[in-house]
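Me: I should like to go through this model by asking on what grounds each label is applied. Please set each value against its criterion before concluding.

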Amino acid sequence: MATVRASGLSFAQSRAETTRFATEHRLAGLNLLVAFLALAVGGLMGVLQALQYNKINAYPAIKPVLTGGYYQGLALHGVLNVLVFTTFYIIGWLTFIATRSFDRPLASRRLGWATFGVMTFGLLMAAVPLLMNNATVMFTFYPPLKADALFYIGLTLVVVGTWLLLVNLILTYRAWRAEHPTDRTPLAAWMSMVTMVMWTICTAGVAAEMLFMLIPWSLGLIPGTDPVLARTLFWFTGHPIVYFWLLPAYISWYNFVPKQAGGKLFSDPMARVSFILFLVLSTPIGLHHQITDPGISEIWKLVHAIFTFGVFFPSLLTFFNVVASLEIGGRARGGKGWLAWVFALPWNEPSFTAQALAMILFAFGGAGGLINASYNMNLVVHNTSWISGHFHLTVGTAVTLSFMGVAYWLVPIITGKQLFSKKLALAQAWTWFVGMSLFSHFMHTLGLMGMPRRTDIGAAPYLKPEWSALLVYVGIGAVIMFVSAFLFYLNMVLTLTSKKPATDADYQIPWSKAASGPEDGPVILDRWKPWLAISVVLIVLNYGPTLFQLISTSPFNIP
Ligand code: HEM
Ligand SMILES: [Cu+2]
């Protein structure tokens, strides 16, 4: 009944495991490689934006490659960071942990390669117009802004590729289930499946937008489009996508960080409850991004706003469970007092430190998210730099810094090379934390002072002196983050090119045991049908009337 896999394999055993999972490791490694290459280009664009805020125009320097200036850079920043980096990293990471957690390779390795192939082909296709300034439509690609058809087709292929991982995980699960008819599904594998099921359901929105609206329109097959319907289909996917980014970080916080902190996961059943709530509640709330959109009933906006507060609950469960697990670790390491146990945590371990710092900034991001979600307060912050301040704490830190922290133990296992330097990695985590704290704090403040987002502020005639005074700190924060990113890439390149092989300890996957294990929870937590049924019913109820009204009244004649 080994539902939570223990670490403590011998060197020979862990090397044998590595050979057994060689294909899965290679797939994970290639996905991470594409992900971090995308983040390198995307992150560089972010620094240029923050410099341009301070009237330091670096765009002429990249002109030979990118002619489009600020807005092309911003499109690249959004698409590469939150669509490409996240998606490739997540597919690689889930391939790795799901198979290691089931303790069996992918049911179809050929399908595994097809997944990577389709996604990479789609990425290359979308990259052509992006780099040629023919897809400067931001990562939200709202019509009537129009991109080259290759951009839409390429992104669609990336999404289709991700669906193939779900197929593979289901096949792998069925093979596992046949051999373990009464066991509870191992936590990390189960969470990977929940993430991919949630994602596959919610991508129906953007898939419909691509197939029936954007692709035929950009090819000239239909003459017009409908911005409100397109935005509604986009946000059908666009809200749950944030949970597609976050859940894989939570998977690390639940399954590995407790062990890295020297303790155990506080409660496995509570972790499962939170993931089920994410599955059920992530999608039927997307209208909260359209509170200012005309043509959608106020009632449904309010219903979605209320459900949004519902999805805050599983985040609170996660917060409680993870902090309780850290406390178990801190006390096991000799920590005392109400809060002083925090200092007993392994702050000299970069993978732990990066993820703990990511959690701290995420707490602020979550609090700000409640303001965004409030029907009336949203109007104050809508489309201001407050929003950018917010999501750099969530996806830009909780997810990105956690993924970097995971890479510090995952890359040595995949490549068989020792991490080049723990000190560099620690410096990387802290500089990201400090740089982002500055950057995000002042972006929030500027938003409250009315500074718009998605704007070349440095060139705006209405740039106010009181904004400029604070934009300096945004710039300083950005430069510190740039240094942090540089340290990360330096460490990774030196790791890949080093000759030092990974040690026995490096090969151990830090699986956490649970203080309260899966058998302490009811069996229904391990069933799929009831939760899938509730998810679909809630989506139909919350979206049905609005989508029906928009589709039946849409003239599709906006040029
Ligand atoms: C070196 C670190 C980074 C810097 C300096 C930076 C800077 C910025 C700035 C100044 C903006 C606002 C631009 C505007 O509204 O006109 C922005 C937008 C954005 N950033 Fe970052 N960023 C960084 C890293 C990241 C990361 C790691 C992510 C996510 C993984 C991310 C995701 C985004 C997204 C999605 C937008 C919105 C794009 C849009 O409005 O279309 N950024 N960033
Ligand atoms: Cu949302």
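Reply: A residue counts as near a molecule if one of its heavy atoms lies within 4 Å of it. The model is predicted, and 23 residues surround ligand 1. The closest are Tyr 70, His 77, His 392, Arg 453 and Arg 454.

Me: What makes the approach of His 77 to ligand 1 a polar contact?

Reply: A polar contact is a pair of N or O atoms within 3.5 Å. A nitrogen atom of ligand 1 is 2.7 Å from an N or O atom in the side chain of His 77, so the pair meets the limit of 3.5 Å. The side chain of His 392 also has an N or O atom 2.8 Å from a nitrogen atom of ligand 1. For Thr 455 the atom concerned is a backbone N or O, 3.2 Å from an oxygen atom of ligand 1.

Me: Which helices supply at least two residues each of the shell around ligand 1, and how do the residues of the shell divide by character?

Reply: The helices are α2 (22-53), α3 (69-102), α14 (385-415) and α16 (465-497). By character, the shell divides into 12 nonpolar, 9 polar and 2 charged residues.

Me: Why are His 239, His 288 and His 289 called donors of the copper ion (ligand 2)?

Reply: Donors are N, O and S atoms within 2.8 Å of the metal. The atoms concerned are ND1 of His 239, NE2 of His 288 and NE2 of His 289, at 1.8 to 2.0 Å, so they satisfy the limit of 2.8 Å. Along the chain, the donors follow the spacing H-x48-H-H. His 239 and His 288 link distant parts of the chain, 49 residues apart: His 239 is in the loop between α7 (227-238) and α8 (240-255), and His 288 is in the loop between α10 and α11.

Me: How do you know whether His 239 is buried or exposed?

Reply: Buried means under 20% relative accessible area. His 239 has 7% relative accessibility and therefore counts as buried. His 288, with a relative accessible area of 9%, is buried because this value is also under 20%.

Me: Why is Ser 282 called buried, and what surrounds this residue?

Reply: Ser 282 has 0% relative accessibility, so the residue counts as buried. Ser 282 is in the loop between α10 (268-281) and α11 (298-332). A polar atom of its side chain lies 2.6 Å from the backbone oxygen of Phe 278. Leaving aside residues up to four places away in sequence, Ser 282 touches Met 198, His 239, Pro 240, Tyr 243, Leu 277 and Val 311. One of these contacts, His 239, is also a donor of the copper ion.

Me: What makes Arg 231 and Asp 293 a salt bridge?

Reply: The criterion is a side-chain nitrogen of Lys or Arg within 4 Å of a carboxyl oxygen of Asp or Glu. The closest N and O atoms of Arg 231 and Asp 293 are 2.7 Å apart, so the pair qualifies under the limit of 4 Å. This pair links distant parts of the chain, with Arg 231 in helix α7 and Asp 293 in the loop between α10 and α11, 62 residues apart. Both Arg 231 and Asp 293 are buried. The structure holds 11 salt bridges.

Me: How are Asp 268 and Arg 272 placed, and why do both count as buried?

Reply: Asp 268 and Arg 272 lie in helix α10, 4 residues apart, about one turn of the helix. They form a salt bridge whose closest N and O atoms are 2.7 Å apart. Asp 268 has a relative accessible area of 0% and is therefore buried; Arg 272, at 3%, is therefore buried as well.

Me: Why are Glu 349 and Lys 422 called partly exposed?

Reply: Partly exposed covers the range between buried, under 20%, and exposed, over 50%. Glu 349 has a relative accessible area of 30% and is therefore partly exposed; Lys 422, at 44%, is therefore partly exposed too. Their side chains meet in a salt bridge of 2.9 Å, N to O.

Me: What makes the backbone at Asn 133 and at Pro 144 worth a remark?

Reply: Most residues other than glycine have a negative phi, and most peptide bonds are trans. Asn 133 has a positive phi of about 65 degrees although it is not a glycine. The peptide bond from Pro 143 to Pro 144 is cis, with omega near 10 degrees. Asn 133 is found in the loop between α4 and α5, and Pro 144 is in the loop between α4 (109-131) and α5 (149-179).

Conventions:
Residues numbered from 1 in each chain as written. Chains lettered and ligands numbered in written order. Predicted model: local features only at pLDDT ≥ 70, side-chain atom pairs only at ≥ 80, totals over all residues. Heavy atoms only, no water. Polar contact = N/O pair within 3.5 Å; in protein donor to acceptor, adjacent residues only side chain to side chain. Nonpolar A, V, L, I, M, F, W, Y, C, P; charged D, E, K, R; others polar. Buried < 20%, exposed > 50% of the residue type's maximum accessible area, 1.4 Å probe, protein only. Contact = heavy atoms within 4.5 Å. Donors = N, O, S within 2.8 Å, 3.2 Å for Na, K, Ca; no water.
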